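Work through these exercises with the structure open beside you. Try each task before you read its solution.

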Amino acid sequence: MTSLEPVRETVLDKDGVRLTVEDAIATVTLTNPAKRNAQSPALWRALTEAGRSLPGSVRVVVLRGEGKSFSAGLDRQAFTPEGFDGEPSFLELARRSDADLDAAIAEYQDGFVWLRRNDIVSIAAVQGHAIGAGFQLALACDLRVVASDVRFAMRETSLGLVPDLAGTHPLVGLVGHARALEICATGRFVQAEEAERTGLVNLVVPVEELDAAVLDLAGALLAAPRDAVIETKALLRGAAGRSFEEQRAAERAAQARRLRDLAGLSD
């Protein structure tokens, strides 16, 4: 007898990142709980590869971390003279030309920005610490469901750096300039109650209910037709950069495309 149970396939498993796919849901898991899923350039490249490896059938991407913490941020080994094996240290990068340094940081950012693609909806399932690069990885996703023990912090400024993994734009969009500045400049912890109250996260649940809550949300997202969700996400993402009248026009154009598609008149 042929089983009708969905099959979970491991598509990628390298450098602290595992990508599994089950029907329309992909799960990207950070797999180094012993180091609280600390991040490195190799991990960022693996995240980029995960994005490029998504089958076209995937509609929802769940991003999670194994263990008690989502991600404690950048592995401090990056700041040592030797850095990581096979990688230039950050001290070495600092000595490179402006163009080379810009290209290196842009490559790191690639591991984060694909989570904003219009053809998927990404959900960060966050528990425990999400610090620095971990906070920015959660911000890279469209939605955030968090456990009640979550602790966000942006610690880059305390190290003499700035957040540079594409997290500042979504942070300002979610909580506003003043609160974003205060969070980043002080490096303080933002815990679950504040995160929910300020719109930083969509939902707070008990730790033991995190996985179930994320699956429930994924199922609700899959209930709507894919093309309508894609158009809606694109429409909402562009709203901040448009005037009211420009957004009205964008709504009309998007709806015209949907109506023609439903009527079988699309090109």
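Two strands count as paired if DSSP finds at least two bridges between them. Keep in mind that the model is predicted.

**Exercise 1. Pair β2 with β3.**
In which sense do strand β2 and strand β3 pair, and over how many bridges?

Solution.
Step 1. Find β2 at residues 17-22 and β3 at residues 25-30.
Step 2. Count the bridges: there are six, and the sense is antiparallel.
Step 3. Check one position. R18 has T29 of β3 opposite.

**Exercise 2. Lay out the sheet.**
Give the strand order of the open sheet. Then explain why one side of β1 and of β10 is left without a neighbour in the sheet.

Solution.
Step 1. Trace the seven strands; the order is β1-β2-β3-β4-β5-β7-β10. The pairing is mixed.
Step 2. Go to the edges. β1 (8-14) and β10 (203-205) stand there, and each has a single partner strand, so one side of each has no neighbour in the sheet.
Step 3. Add the twist. From one strand to the next, the average is 20 degrees.

**Exercise 3. Place β5 in its surroundings.**
Which strands pair with β5 in the parallel sense? Are the residues of β5 buried or exposed?

Solution.
Step 1. Take β4 (residues 60-65). Its pairing with β5 is parallel, over four bridges. L63 has A124 of β5 as its bridge partner.
Step 2. Take β7. This strand also pairs with β5 in the parallel sense, over four bridges. Here A125 stands opposite V145.
Step 3. Sort the side chains. V121, I123 and A125 point one way from β5. S122, A124 and V126 point the other way. All of them are buried.
Step 4. Conclude. Six of the six residues of β5 (residues 121-126) are buried, so the strand is largely enclosed by the rest of the structure.

**Exercise 4. Describe the largest pocket.**
What is the volume of the largest pocket, and which element supplies the largest share of its lining?

Solution.
Step 1. Read the volume: about 710 Å³.
Step 2. Find the centre. The lining has 31 residues, and L74, F79, F90, L159 and L161 lie nearest the centre.
Step 3. Assign elements. α2 (90-94), α3 (98-113), β6 (129-131) and α4 (133-140) each supply at least two lining residues. The largest share, four residues, is from α2.
Step 4. Sort by class. The lining has 19 nonpolar, five polar and seven charged residues.

**Exercise 5. Do the second largest pocket.**
How much space lies in the second largest pocket, and which element gives the most to its lining?

Solution.
Step 1. The volume is about 560 Å³.
Step 2. The lining has 18 residues, with R116, D142, K233, L236 and R237 closest to the centre.
Step 3. β7 (143-147), α5 (168-175) and α9 (226-239) each give two or more residues to this lining. α9 gives the most, with five residues.
Step 4. By class, this lining holds 10 nonpolar, three polar and five charged residues.

**Exercise 6. Examine T198.**
Where does T198 sit, and is T198 buried or exposed?

Solution.
Step 1. Locate T198 in the loop between α7 (192-197) and β10.
Step 2. Apply the cut-off: buried means under 20% relative accessible area. T198 has 17%, so T198 is buried.
Step 3. Look for a partner. A polar atom of the T198 side chain lies 2.8 Å from the backbone oxygen of E194.

Methods: Residues numbered from 1 in each chain as written. Predicted model: local features only at pLDDT ≥ 70, side-chain atom pairs only at ≥ 80, totals over all residues. Heavy atoms only, no water. Axes fitted to C-alpha atoms, helices over the stretch in contact; angles between N-to-C directions. 1 Å grid on protein atoms, 1.4 Å probe; cavity = no way out; pocket = protein on both sides within 12 Å on 5 of 7 lines; lining within 4 Å. Points joined across faces, edges and corners; volume = space filled by probe spheres on them. Nonpolar A, V, L, I, M, F, W, Y, C, P; charged D, E, K, R; others polar. Buried < 20%, exposed > 50% of the residue type's maximum accessible area, 1.4 Å probe, protein only. Polar contact = N/O pair within 3.5 Å; in protein donor to acceptor, adjacent residues only side chain to side chain.
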